[in-house]
Amino acid sequence: MTKTSLKELPLPTQPSEESRTSQMSPAVLAYIAEFFKVLSEVSRLQIVCCLKSGAKNVTQIIEETNLGQANVSKHLKLLAQAGIVARTQVGVSVYYEIANPFLFELCDLVCESLLSQLEKQNQQLKQFKVL
């Protein structure tokens, strides 16, 4: 699949909140899938979590995540290409930060949902043990 930038996609006009996702074109849905694909890797999530407290350079990210330099650089490049992180050059250092803080709201929603699912599964397992 070729990489498409969001600017190149035909976006629908502002439909109601209920129908927005049902009216998205396959190209827009592919862009959304790519965004989630970038977030589907543990090392990239570690980097995102590391940046929650603010901008950091590669050395700081390596120290906080215990990931290797080549690994961090590769993942930062993918995160930047997806628009998840922004990079700023300060002298000879490059600092990375989350481009849009909505990402943490999204992560919180996912975590709450997963926790709820686990609690339900735990209750079901307890019921099976009683039988």
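Biologist: How do E1 and E3 pair, and over how many bridges?

Modeller: In this predicted model, E1 and E3 pair in the antiparallel sense, and two bridges hold that pairing. One residue to look for is Asn57, whose bridge partner in E3 is Tyr95.

Biologist: And how many bridges join E2 to E3?

Modeller: Six bridges join E2 to E3, and these strands run antiparallel. E2 and E3 form a hairpin with two residues between them, and Gly91, which sits in the turn, has a positive phi of about 65 degrees. Beside that turn you can find Val90, which stands opposite Ser93 in E3.

Biologist: What order do the strands take in the sheet?

Modeller: The sheet is open, has three strands in the order E1-E3-E2, and pairs them antiparallel. E1 and strand E2 (85-90) stand at the edges with a single partner strand each, so one side of each is left without a neighbour in the sheet.

Biologist: Back to Asn57 for a second, what does it do at the N-terminal end of H3?

Modeller: Asn57 caps that end of H3, with a side-chain oxygen that lies 3.1 Å from the backbone nitrogen of Thr59. Just after H3, you come to Asn66, which takes a positive phi of about 60 degrees.

Biologist: Which residues of H3 are buried?

Modeller: Helix H3, which covers residues 58-65, has Val58, Ile61 and Thr65 as its buried residues. They cover an arc of only 60 degrees around the axis, so they sit on the same side of H3. It helps to remember that an α-helix has 3.6 residues a turn, so residues three or four places apart point the same way.

Biologist: What do those buried residues pack against?

Modeller: The buried residues of H3 pack against two helices and two strands, namely helix H2 (42-50), strand E1 (56-57), helix H4 (69-81) and strand E3 (93-98).

Biologist: Since you mention H4, is His75 buried or exposed?

Modeller: His75, which lies in helix H4, counts as buried because its relative accessibility is 2%. If residues up to four places away in sequence are not counted, His75 touches Glu41, Ser43, Arg44 and Ile47.

Biologist: New topic: how many aromatic pairs are there?

Modeller: The structure holds two aromatic pairs. In one of them, the rings of Phe35 and Phe36 have their centres 5.6 Å apart and their planes at 85 degrees, so this pair is edge-to-face. The other, between Phe35 and Phe102, is stacked, with 6.2 Å from centre to centre and 20 degrees between the planes.

Biologist: Where in the chain do Phe35 and Phe102 lie?

Modeller: Phe35 is in helix H1 (residues 26-38) and Phe102 is in helix H5 (residues 102-130), so this pair links distant parts of the chain, 67 residues apart. Together, Phe35, Phe36 and Phe102 form one aromatic cluster.

Biologist: Which of the three are buried and which are partly exposed?

Modeller: Phe35 is buried, with a relative accessible area of 16%. Phe36 counts as partly exposed at 43% relative accessibility, and Phe102 is partly exposed too, with a relative accessible area of 37%.

Biologist: What about the cysteines, how many disulfides does the count come to?

Modeller: The count comes to zero disulfides. For Cys50, the closest cysteine sulfur is in Cys49, and it lies 8.8 Å from the sulfur of Cys50, which is too far for a bond. For Cys107, the closest cysteine sulfur is in Cys111, at 6.4 Å, and that is again too far for a bond.

Biologist: Are Cys50 and Cys107 buried or exposed?

Modeller: Cys50 is buried, with a relative accessible area of 3%, whereas Cys107 counts as partly exposed at 25% relative accessibility.

Biologist: Last one, where does Asn100 lie?

Modeller: Asn100 lies in the loop between E3 and H5, and it is partly exposed, with a relative accessible area of 38%. Along the sequence Asn100 and Ile84 are 16 residues apart, while in space they are 6.9 Å apart, C-alpha to C-alpha.

Notes:
Residues numbered from 1 in each chain as written. Predicted model: local features only at pLDDT ≥ 70, side-chain atom pairs only at ≥ 80, totals over all residues. Heavy atoms only, no water. Phe/Tyr/Trp six-rings, centres within 6.5 Å; stacked < 30°, edge-to-face > 60°. Buried < 20%, exposed > 50% of the residue type's maximum accessible area, 1.4 Å probe, protein only. Helix = DSSP H or I, 4+ residues; strand = E, 2+ residues; numbered from the N terminus. Arc of directions from axis to C-beta. Contact = heavy atoms within 4.5 Å. Polar contact = N/O pair within 3.5 Å; in protein donor to acceptor, adjacent residues only side chain to side chain. Pairing = 2+ DSSP bridges. Disulfide = S-S within 2.5 Å.
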